[in-house]
Amino acid sequence: MIELNRKAPETLQSWNLLVVCPLCHKKLHYADVKSDFLDPGWKITIDGQEHIIK
């Protein structure tokens with residue numbers, strides 16, 4: 001995932017957008033986060049807990 005604040009090309013494409021609640025948004029910025037593109041979807045690990053998003 002490319003953070004929108006980096007203003008990189010293609011950051012507003014559908015493959016890079018994820019809607020999250022305020023608590024999860026904070027975790028994405030401050031927790032230990034790893035993300036892997038699965039094609040389609042993402043595997044996001046937040047503080048050791050895996051989440052699969054398709």
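## The sheet

Let's start with the strands: three of them, in the order β1-β2-β3, make up an open sheet with antiparallel pairing. At its edges stand β1 (33-37) and β3 (49-53); each has a single partner strand, so one side of each lacks a neighbour in the sheet. On average, neighbouring strands here are turned by 15° against each other, direction ignored. Please keep in mind that this is a predicted model.

## The β2-β3 hairpin

Follow the chain along strand β2, residues 42-46, and you can see how it pairs with β3: the sense is antiparallel, over 5 bridges. Two of the partnerships are easy to find in the structure. Thr45 has Glu50 in β3 as its bridge partner, while Ile46 is matched with Gln49 in β3.

The two strands, β2 and β3, form a hairpin with 2 residues between them. One residue to look at in this turn is Asp47, which has a positive phi of about 50°.

## A nonpolar patch on the surface

Now for the surface, where Leu4, Leu12 and Leu17 form a nonpolar patch. Together, these leucines have about 320 Å² of accessible area.

Leu17 deserves a closer look. Along the chain, Leu17 lies in the segment before α1 (22-30). Its relative accessible area is 47%. Buried means under 20% and exposed means over 50%, so Leu17 counts as partly exposed.

Conventions
Residues numbered from 1 in each chain as written. Predicted model: local features only at pLDDT ≥ 70, side-chain atom pairs only at ≥ 80, totals over all residues. Heavy atoms only, no water. Pairing = 2+ DSSP bridges. Helix = DSSP H or I, 4+ residues; strand = E, 2+ residues; numbered from the N terminus. Axes fitted to C-alpha atoms, helices over the stretch in contact; angles between N-to-C directions. Patch = residues over 30% accessible without salt bridge, like charges linked within 9 Å, V, L, I, M, F, W, Y side chains within 5 Å. Areas by Shrake-Rupley, 256 points an atom, 1.4 Å probe, with all protein chains shown as cover. Salt bridge = Lys/Arg side-chain N within 4 Å of Asp/Glu carboxyl O. Buried < 20%, exposed > 50% of the residue type's maximum accessible area, 1.4 Å probe, protein only.
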